[in-house]
Structure formats: C-alpha cells, structure tokens
Amino acid sequence: MSDVDESLPLAVLDFVGIEHGESPAAAIAGAVSIAQTVEAAGYRRYWVSEHHNMHSLACSAPELLTAHVGALTSRIRVGAAGIMLPNHTSFKVAELFRTLVAMYPGRIDLALGRAPGTDPLTAHVLRRGGGADAGAEFPHQVGELLAFLGDGFPSDHPYARLVAAPVVDERPELFVLGSSPYGPRFAAVNGLSAVFAHHMSPELAFDALRAYRREFTARGGSDRPYSAMSVLAFASEDEEATLDFEAAWTLTIQNISRGVREPLRPEDVHGFARSERFRAARRDDGRMVTGEPKAVAARLLEMKQQAQADEIVVVTPSLDRARRQASFTALAEAWRSAA
C-alpha cells in the first residue's frame with residue numbers, strides 16, 4: 001500500500017506567518033514544526049504559499065521552504081501552493097522543481113497560480129517591469145513548463161535543444177490553483193489537477209469544482225480528474241480559542257484592505273475577539289469552519305462531498321502556533337472517526 005493510500009485526504013496550506021515579536025528564523029522553524037505535526041497526524045501534504053512584500057509572512061521563497069521542510073520530514077508530500085507563474089520563468093521553475101524531485105523523489109508537489117501573490121508595484125518589480133497583464137501569458141507559460149518537465153518541444157522549436165537539469169524521470173505532482181472559475185476550467189481542459197481557494201471565494205467553490213469534474217479531458221497530465229479545496233478551519237474544544245482564530249482572520253483581512261502588512265498584536269486580537277462589535281457581527285457565512293473537532297470534521301467531509309473534491313486543504317492562519325498544531329491534530333483524529 002502506498003503512502004497516499006495510508007494518508008488522510010487532508011493537506012495543510014501554510015502562509016508561514018511571523019508571530020508578533022518573533023524573528024523570521026523562528027517563524028520558519030515554526031513552519032517545520034507544523035509540517036512535522038501534520039505528518040505525524042497522517043496528513044497527505046504540507047504546502048507553503050508565495051507572498052511578497054509582507055512583514056507578517058516568511059513565504060516569499062516557497063521553493064526554498066519546500067527543500068527545507070522536505071529535509072526535516074520523511075513521508076509527507078511537500079510543495080508550493082503555489083508558484084505564481086507570472087513572477088518566474090518556466091525554465092527556472094522546471095529546474096527548481098526537478099532539483100527538488102531529485103532530492104525528495106515521490107514527495108514533491110507544484111501548484112501553479114496566475115495571480116501575482118502581491119501588490120501591483122511588487123509584481124512589477126518581480127517581473128522586471130513586464131507587461132501589464134502578465135496573467136494573460138499563463139497558458140503559454142504552463143505549456144512551456146510542461147515541455148521542460150518532460151513533455152518536450154517539437155523538433156523545430158527554438159527551445160527543443162534545452163534541458164531543464166537535473167534530468168529526472170519523475171515530475172512533481174502538478175495542480176492549477178484558482179479562486180475564480182478560470183483555474184478549474186483551465187485544469188479541466190488541459191487534463192491537470194485543480195485546487196480551488198474556498199477560503200478566498202467560498203461562493204464559487206462548489207460549482208467551480210463540480211464543473212471541473214464534468215469538463216475534465218484527459219490530455220497526458222492525468223487520465224482522471226483530481227481536485228482539492230482549501231478551507232479556513234480551526235478545531236478546538238476551547239470556545240475562546242475559536243473566537244481568537246475568527247477574530248484574527250477578520251483583522252487580517254481588514255489590515256490587508258488597508259495596506260497594513262505587520263504581524264497581529266495578540267492583545268489586539270484578544271480585545272477584538274471579546275468586543276461587543278465582533279460578537280454582534282459574528283455569524284456563520286460559510287467562509288470558516290470552526291468549533292469542536294467532531295463538528296469541524298463532519299462539516300469538512302460534507303463540503304468535500306458537495307464539491308466532489310478528492311482532498312481538503314486546511315488553512316489555519318492564527319497568532320498562536322501551538323493552538324494551530326493542536327487544531328491540526330484534533331481534526332485528523334476527528335476525521336478518522338467521522339469518515
């Protein structure tokens with residue numbers, strides 16, 4: 001039986017948050033501890049995101065974090081969700097991820113996004129002042145990447161003689177990210193696996209992933225559809241901890257909209273979580289799944305079925321890493337009981 005067969009259909013997407021007052025080195029060490037925790041709990045994958053120009057996150061180089069986490073875990077699949085492809089050249093991404101596959105065969109994932117993962121000015125700098133709509137090049141870039149990863153170019157193509165080294169027989173498990181119908185549709189047409197960001201667009205997630213499964217066409221990427229859905233989730237018997245998680249995400253979104261990129265102050269989160277303003281506005285709008293572990297697991301299983309998804313990717317950004325680890329472990333235990 002393979003590791004995938006034995007693992008839970010659960011993954012973690014980690015933003016590698018820098019908690020208030022800690023160093024980036026401590027945040028990266030914390031990310032490793034998260035990966036080790038979810039590996040021990042039986043999760044299938046640990047992914048890191050790509051974000052730039054943020055004092056509160058340490059995930060600007062997901063390929064380096066993937067290598068680091070891979071070295072300090074043994075079974076769990078590790079990777080980037082994603083590599084924001086317009087920020088990179090396809091050739092370099094192929095070289096990076098072939099190197100990772102050579103280092104950790106059978107364990108590397110590569111999820112591709114067409115968004116910048118940052119603000120317009122930072123995207124402009126990352127792309128060396130490239131075109132205004134770099135996302136429009138995404139289909140072409142994906143085609144190049146697949147060719148460099150092993151599909152090859154036509155003999156008369158100018159890149160036909162190039163080799164993305166090291167040359168390995170295996171390629172990373174590929175996904176296409178999306179928070180709009182474009183990503184799943186692109187994945188379906190090109191025979192690739194899809195991940196939809198329910199945590200960004202909950203109102204679109206179920207329909208988009210069901211449509212992906214209906215429209216999937218095998219084209220050499222995969223002979224069957226395979227999808228995952230990322231969901232904001234926190235599992236705890238402690239209601240105060242749950243309130244803190246919900247309040248922290250609410251404040252994070254407010255800060256992003258105001259252009260604030262600093263780590264949250266714990267006293268601000270605690271105060272907000274216990275305020276009448278927050279409690280009066282608190283409602284179940286379907287964006288977050290929080291509460292007792294059994295209830296969270298049951299709801300995520302229900303969402304997985306509604307979306308016709310193969311996996312759930314758990315997104316648990318918070319200001320307390322120990323609580324996050326406890327949530328991941330509790331959720332895995334509850335999932336086994338509920339599934």
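Helices and strands are named here as DSSP runs, numbered from the N terminus. The structure is a predicted model, and the points below concern selected helices, two spaces in the protein and some backbone features.

1. Lining of the second largest pocket. Helix H9 (239-257), helix H11 (276-281), S8 and H12 each contribute at least two residues to the lining of the second largest pocket. H9 gives the most, with five residues. The volume of this pocket is about 540 Å³. It is lined by 20 residues, and those closest to its centre are Glu246, Thr250, Arg283, Asp285 and Met288. Sorted by class, the lining comprises eight nonpolar, four polar and eight charged residues.

2. Helix H9. This helix has 19 residues and extends 27 Å from its first C-alpha to its last, close to the 27 Å expected at 1.5 Å a residue. Its buried residues are Ala241, Thr242, Leu243, Asp244, Phe245, Glu246, Ala247, Ala248, Trp249, Leu251 and Asn255. The elements that cover them include S7, helix H10 (266-273), H11, S8, S9 and H13. Glu246 thus appears twice in this note: it is buried in H9, and it is among the residues closest to the centre of the second largest pocket.

3. Length and faces of helix H12. The 15 residues of H12 (residues 293-307) should span 21 Å at 1.5 Å a residue, and the end C-alpha atoms are indeed 21 Å apart. Buried in this helix are Pro293, Val296, Ala297, Leu300, Leu301, Met303, Lys304 and Ala307. Viewed down the helix axis, the buried residues of H12 fall within an arc of 160°, so they line one face of the helix. Lys294 and Gln305, on the other side of H12, are exposed.

4. Packing of helix H12. The buried residues of H12 pack against both strands and helices. The strands are S1 (8-14), S7 (227-235), S8 (288-291) and S9 (311-315). The helices are H8 (202-215) and H13 (321-338). S7, S8, S9 and H13 also figure in the cover of the buried residues of H9.

5. The residue after H12. Gln308 follows H12 and lies in the loop between H12 and S9. Although Gln308 is not a glycine, it has a positive phi of about 55°. Is this residue buried, partly exposed or exposed? Gln308 has a relative accessibility of 36%, and because buried means under 20% and exposed over 50%, Gln308 counts as partly exposed.

6. A second positive phi. Asn53 is found in the loop between strand S2 (43-48) and helix H3 (62-71). Its phi is near 60°, a positive value in a residue other than glycine. Asn53 is partly exposed, with a relative accessible area of 44%. Such values merit a remark because most residues other than glycine have a negative phi.

7. Cis peptide bonds. Most peptide bonds are trans. The bond from Ala81 to Gly82, however, is cis, with omega near 5°. Gly82 belongs to strand S3 (residues 77-84). A cis peptide bond also joins Ala165 and Pro166, where omega is about 0°. Pro166 is located in the loop between helix H6 (138-151) and strand S5 (173-178).

8. The cavity. How many cavities of 30 Å³ or more does the structure hold? There is one, and the largest cavity encloses about 30 Å³ of space. Its lining consists of Asp14, Val16, Gly17, Ala27, Gly30, Ala31, Ile34, Arg321 and Arg324. Helix H2 (24-41) and H13 are the elements that give two or more residues to this lining. H2 has the largest share, with four residues. By class, the lining of the largest cavity divides into four nonpolar, two polar and three charged residues.

9. Ala188. This residue is in helix H7 (residues 182-189). Ala188 is buried, with a relative accessible area of 0%. Leaving aside residues up to four places away in sequence, Ala188 touches Tyr212, Glu215, Phe216 and Thr217. The C-alpha atoms of Ala188 and Glu215 are 5.8 Å apart in space, while the two residues are 27 residues apart in sequence.

Conventions:
Residues numbered from 1 in each chain as written. Predicted model: local features only at pLDDT ≥ 70, side-chain atom pairs only at ≥ 80, totals over all residues. Heavy atoms only, no water. Expected span 1.5 Å × (residues − 1). Buried < 20%, exposed > 50% of the residue type's maximum accessible area, 1.4 Å probe, protein only. Arc of directions from axis to C-beta. Contact = heavy atoms within 4.5 Å. 1 Å grid on protein atoms, 1.4 Å probe; cavity = no way out; pocket = protein on both sides within 12 Å on 5 of 7 lines; lining within 4 Å. Points joined across faces, edges and corners; volume = space filled by probe spheres on them. Nonpolar A, V, L, I, M, F, W, Y, C, P; charged D, E, K, R; others polar.
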